[in-house]
Amino acid sequence: MQQIGAILFALALLHTFSAKTFERLSHRFPRHAGLLHLLGEVEVVFGFWAMVLLVVMAFVAGPQNAIAYAETQQYTEPLFVFVVMVVAASRPVLDFVQRLVDLLSGGRPVLQAWLGLALVPLAGSLITEPAAMTLAALMLAPQIFRNGVPEWQKYAALGVLFVNISIGGTLTAYAAPPVLMVAATWQWDSAFMAANFGWKATLAVLVNASAVTWLLREPLRKGADSDAAAPAARARTPLGTSLIHLAFLAAVVLLAHHPVLFLGLFLFFLGFTSAYPQHQSPLILKEALLVGFFLAGLVVLGSMQQWWLQPIVEGLQPLALFFGALGLTAITDNAALTYLGSLIDGISPQAQYMLVAGAVAGGGLTVIANAPNPAGIALLRKGFRDESIGALGLLAGALAPTAVAALAFFL
């Protein structure tokens, strides 16, 4: 079953890189457009192959073993990402963040985009990376990920956003999934993270955001000119309603490791939004469910890869471990990678640092490299050609900001 799991994991990776091809085929073969479009949804890929794995396991090892395997996996992270996406993307929270950005930027579009690519990812160290990804994606979508902006510039911005989110959560010990996996085992607290990772990550975030904002300065200004002739925006949400939504968001973050509690709180949140529909926009339940499905599939498939991943991690020296983690993160979730590192007995402090630094630096290379990435894909793909984000385009866009992050962590 481990070998079968590795083969299916490889097929899922190939499917991820070819998802845009399925979208193109759906236009060429309208009779099967629905199925091809479904297979072209990046968020569906790992959930689909996880179901294939469970079906194969039922035939090979028996239905009871397949059920037992599925039920013994840890699904807290997919559930948390689903809930935090819906709450963070609610209209009152977005209006509050937009007010803050408008205040800091003075309404200048270039500065607004810079804040979305720099300030919001760094805020992920407080509100968690999935929440930061959701807010940044929804803020930047009408500015950058729209018609009129060249595709290569969109991919450059997407790469910077994903890398900045991945490293921007390292100022604390709880916000970034790869850090959370090792913090308790290695006794890393938020003071340690700020001193050893935080200032370097901040430097890289500022450099990346500044570079890509300068690159996008003309499309941002032209977009602002066209917006001037657009109809007036909707009325802002009352501040009190925004504060209540922010309280829900804070409570979900505090209860991130207790799914029974944050799911119960989420039901109260749904009730509150129904009680005041005049201050709400449609919740992104579909997008969040797809992301949760993706991450749950990654959990089911990824749990069977320890047998070949762990020997690689154990056999590398600190410097090689950094570059090994950087590369392996592109084909597996960086939190799973650091978790495997936490299982190694007697791993040196230098090797610990190199493993986590490589894992977070490479968190923007692919959609599966970092848990919040599927959320960004789900919220931004409509702004790309064919409403699909190509894996190679993302990889190309993330190379430069990943190099900046890697250099920063060597300081």
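**Close-up 1. Arg217 sits over the ring of Trp214.** In this predicted model, Arg217 lies over the face of Trp214. The distance to the ring centre is 4.0 Å.

**Close-up 2. Phe82 and Phe266 form an aromatic pair.** A search of the whole structure turns up 19 aromatic pairs. One of them joins Phe82 and Phe266, and this pair is edge-to-face. The ring centres are 5.4 Å apart, with 70 degrees between the planes. The pair links distant parts of the chain. Phe82 belongs to helix α6 (residues 76-88). Phe266 belongs to helix α15 (residues 259-275). The two residues are 184 residues apart. Phe82 has a relative accessibility of 13%, and buried means under 20%, so Phe82 counts as buried. Phe266 is buried too, with a relative accessible area of 5%.

**Close-up 3. Tyr155 and Phe384 form a tilted pair.** The ring centres of Tyr155 and Phe384 lie 4.9 Å apart. Their planes meet at 55 degrees, so the pair counts as tilted. Tyr155 is in helix α10 (residues 151-168). Phe384 is in the loop between α21 (373-380) and α22 (391-410). The pair therefore ties together parts that are 229 residues apart in sequence. Both Tyr155 and Phe384 are buried.

**Close-up 4. Lys154 lies over the face of Phe384.** Phe384 also appears in the tilted pair with Tyr155. Here, Lys154 is 5.8 Å from the centre of the Phe384 ring.

**Close-up 5. Several rings form one aromatic cluster.** The members are Phe82, Phe248, Phe266, Phe269, Phe272 and Tyr276. Phe82 and Phe266 are the edge-to-face pair of Close-up 2.

Conventions: Residues numbered from 1 in each chain as written. Predicted model: local features only at pLDDT ≥ 70, side-chain atom pairs only at ≥ 80, totals over all residues. Heavy atoms only, no water. Phe/Tyr/Trp six-rings, centres within 6.5 Å; stacked < 30°, edge-to-face > 60°. Helix = DSSP H or I, 4+ residues; strand = E, 2+ residues; numbered from the N terminus. Buried < 20%, exposed > 50% of the residue type's maximum accessible area, 1.4 Å probe, protein only. Lys NZ or Arg CZ within 6 Å of the ring centre and 35° of its normal.
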